[in-house]
Amino acid sequence: MASETPLQKVKADLERYAASEGKGVSFLLALRMFLVTPGFQFVFSRRLQEMAVRIPVIGRPLRRVIWWASCLVFGSEIAMAAEVGGGLYVPHPYGIVVGSARIGHNMHLLQNVTIGRKSREEPGDPVFGDDVTVSAGAVLLGSITIGDGAVIGANSVVLKDVPAHAIAIGIPARIIPAAAPKAAAGADPLTAPAL
Ligand SMILES: CC(C)(COP(=O)(O)OP(=O)(O)OC[C@H]1O[C@@H](n2cnc3c(N)ncnc32)[C@H](O)[C@@H]1OP(=O)(O)O)[C@@H](O)C(=O)NCCC(=O)NCCS
């Protein structure tokens, strides 16, 4: 993840959005993403921050301004200190709060998700593998590891590690150790193409 440049991440993000519609990246799709797709714009605002911070002298304040504007526009935030791999797919970028977590490639992140520390006394941030799906309203707290391909169910509260390819559901989340390819597969019915 560390070796991925922001531009490589943008490419991976675009490919992920295209794949969510069962398509490849085309000029028209990219145009639609950049101009009128809030989820992609939210993800791109994160990539802009990653680009800005590389600029000498003004980079850090510029990154903060972009972060601030993105918080205001979307009502969602990803901490500047977070590490976010390419292929991030956020179809509905509202009510999301991500602290200084480490996120692998191809995360599918839904609305009203909170990812962060458990309490002031227990610092420690979640770490995510690749291809993780975090469903609507889920809360993931503390120094936990979410394995590759794991699926976190809607409104779950996850306080413990989730093994790779397991499904975690409920409050507190319990683990169903089953493969879960269907949750991430296919086009998202709520993000039908506008063009
Ligand atoms: C977690 C999830 C992926 C599991 O889907 P699934 O593999 O098809 O699982 P099933 O529907 O077969 O449910 C298996 C069991 O888990 C329970 N369950 C499923 N999702 C649950 C959830 N979010 N919270 C609590 N229990 C849940 C079911 O009631 C069922 O229990 P039972 O065996 O006692 O009847 C899915 O339920 C989910 O939460 N999806 C979120 C999608 C989302 O956020 N959509 C928003 C789109 S905008």
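**Ligand shell and packing of helix α3**

The shell around the ligand comprises 8 nonpolar and 6 polar residues, with no charged residues. In this predicted model, 14 residues surround the ligand, and those that come nearest are Ser 135, Ala 136, Gly 153, Ala 154 and Ile 169.

Elsewhere in the predicted model, helix α3 spans residues 38-52 and helix α4 spans residues 59-74. The axes of the two helices come within 8 Å and cross at roughly 165°. Because this angle is over 145°, α3 is roughly antiparallel to α4. The crossing of the pair is left-handed. On the α3 side, the contact is formed by Pro 38, Phe 42, Ser 45, Leu 48, Gln 49 and Ala 52. These residues meet Gly 59, Leu 62, Arg 63, Ile 66, Trp 67, Ser 70 and Phe 74 of α4. By class, the residues of the contact between α3 and α4 divide into 8 nonpolar, 4 polar and 1 charged.

Helix α3 also contains Arg 47. This residue counts as buried, because 21 C-beta neighbours lie inside 10 Å and the criterion for burial is 20 or more. When neighbours within four places in sequence are left aside, Arg 47 is in contact with Pro 6, Lys 9, Val 10 and Asp 13. A further spatial relation links Arg 47 to Gly 86: the two residues are 39 residues apart in sequence, with a C-alpha to C-alpha separation of 9.2 Å.

Notes. Residues numbered from 1 in each chain as written. Predicted model: local features only at pLDDT ≥ 70, side-chain atom pairs only at ≥ 80, totals over all residues. Near = placed C-beta within 6 Å. Nonpolar A, V, L, I, M, F, W, Y, C, P; charged D, E, K, R; others polar. Axes fitted to C-alpha atoms, helices over the stretch in contact; angles between N-to-C directions. Helix = DSSP H or I, 4+ residues; strand = E, 2+ residues; numbered from the N terminus. Parallel < 35°, antiparallel > 145°, perpendicular 65-115°, else oblique. Left-handed = near helix turned anticlockwise from the far one by under 90°. Contact = placed C-beta atoms within 7 Å. Buried ≥ 20, exposed ≤ 12 C-beta atoms within 10 Å, placed from the backbone.
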